[in-house]
Amino acid sequence: MNYAALVAAISSYTENTFPTVDMNVFITQAEKRIYNAVQIPALRKNVTGITTASNKYLACPDDFLSSYSLAAIDPTTGAYTYLLNKDVNFIREAYPKPTSTGSPKYYALFGPAVASSVITTELTFLIGPTPDAAYSMELHYYYYPESIIQRPILTLGAITAGTSYTTGTYSNVSLTGGSGSGATANIVVSGGGVTAVTLVNGGTGFVVGNTMSALAANIGGTGSGFSIPVATVGNTTGTTWLGDNYDPALLYGTLVEAYTYMKGEQDMIVLYNTKFGEALTQLKRLGDGLERQDAYRSGQARVPVT
């Protein structure tokens with residue numbers, strides 16, 4: 001099931017047509033509920049980084065949710081040493097002098113890095129002991145994979161400010177133009193021109209190079225000439241591992257969100273919740289069970305014959 005098929009199915013089941021912004025919220029909320037309930041391989045990725053000698057901190061990836069493993073690679077031998085995940089207090093107690101260095105053995109999720117009251121890195125790892133050399137680090141971690149939503153705007157390009165707009169900050173403004181729909185942004189106007197555009201909802205169906213704008217009525221009531229190009233978009237195919245391999249969970253999860261939004265009949269909400277629970281159970285059997293064993297190690301499942 002791809003994005004278009006999912007949208008069509010939700011509209012058919014609920015006998016309702018939803019604005020793109022709302023439909024995308026239903027889908028992303030369902031995806032996050034599923035991804036927090038089941039550990040499927042599609043939720044893991046690998047990245048590598050390098051420690052700095054005498055620096056006890058290591059930055060996390062921007063999309064980090066939780067760690068699967070962290071290994072230090074010896075710069076001389078190439079041997080892997082997997083670090084043990086500990087609490088920050090443990091590392092501080094075990095290595096009370098950060099200036100004392102050695103081969104990394106432990107790590108802890110430390111929190112944001114702040115410079116001049118500004119968060120420079122959302123999350124960091126604390127390494128113990130403080131690395132004595134530049135070690136290559138291999139992090140295997142959980143993250144939210146790309147949504148099934150097709151061609152949302154990810155980033156925007158350089159602003160053409162326009163003229164005669166009314167100074168102010170305007171929230172969740174609908175962006176017009178382009179080949180898609182449902183994109184919204186927070187827009188700041190100063191000195192008669194648009195000075196900042198912060199994407200809130202990427203919508204769907206856009207392509208790189210689309211020229212976006214906003215109605216003057218939505219940003220103060222006056223002005224013209226503002227535009228901004230689409231720089232990057234996501235998921236050009238509208239497919240994901242979940243949609244390709246086990247779409248019942250995605251379908252019923254989205255139905256729960258959509259029918260709740262509709263304030264639908266209680267018996268139907270109970271039905272969709274039950275179907276969603278059944279689908280999650282089956283997906284957990286796959287992700288948390290079958291994909292973690294094989295017949296050689298675990299033997300084949302035996303079902304009593306009656």
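In this predicted model, helix α1, which spans residues 3–14, packs against helix α5, which spans residues 247–261. Their axes lie 10 Å apart and form an angle of about 50°. Angles under 35 degrees count as roughly parallel and those from 65 to 115 as roughly perpendicular; α1 and α5 are therefore oblique to each other. The crossing of α1 past α5 is right-handed.

The residues that form this contact can be located on both helices. On α1 they are L6, A9, I10, Y13 and T14. On α5 they are L250, L251, Y252, T254, L255, A258 and Y259. Sorted by class, the contact of α1 with α5 comprises 10 nonpolar residues and two polar ones, with no charged residues.

The next element to consider is a sheet. Strands of a sheet pair through backbone hydrogen bonds, and the pairing may be parallel or antiparallel. Here, four strands form an open sheet in the order β1-β10-β3-β4, and their pairing is antiparallel. The edges are occupied by β1 (44–50) and β4 (80–82). Each of these two strands has a single partner strand, so one side of each is left without a neighbour in the sheet. On average, and with direction ignored, neighbouring strands of this sheet are turned by 25° against each other.

One pair in the sheet may be followed at the level of residues. The edge strand β1 pairs with strand β10, residues 136–142, in the antiparallel sense over seven bridges. Within this pairing, R44 has Y142 of β10 as its bridge partner.

Technical notes:
Residues are numbered from 1 along each chain as its sequence is written. This is a predicted model: local features need pLDDT of at least 70, side-chain atom pairs count only at pLDDT 80 or more; totals for chains, interfaces and linings use all residues. Side-chain values use heavy atoms; hydrogens and water are left out. Axes are lines fitted to C-alpha atoms, for helices over the stretch in contact, and angles run from 0 to 180 degrees between N-to-C directions. Angles under 35 degrees count as roughly parallel, over 145 as roughly antiparallel, 65 to 115 as roughly perpendicular and the rest as oblique. A crossing is left-handed if the near helix is turned anticlockwise from the far one by less than a right angle, and right-handed if clockwise. Contact means heavy atoms within 4.5 Å. Ala, Val, Leu, Ile, Met, Phe, Trp, Tyr, Cys and Pro count as nonpolar, Asp, Glu, Lys and Arg as charged, and the others, Gly among them, as polar. Two strands pair if DSSP finds at least two bridges between them.
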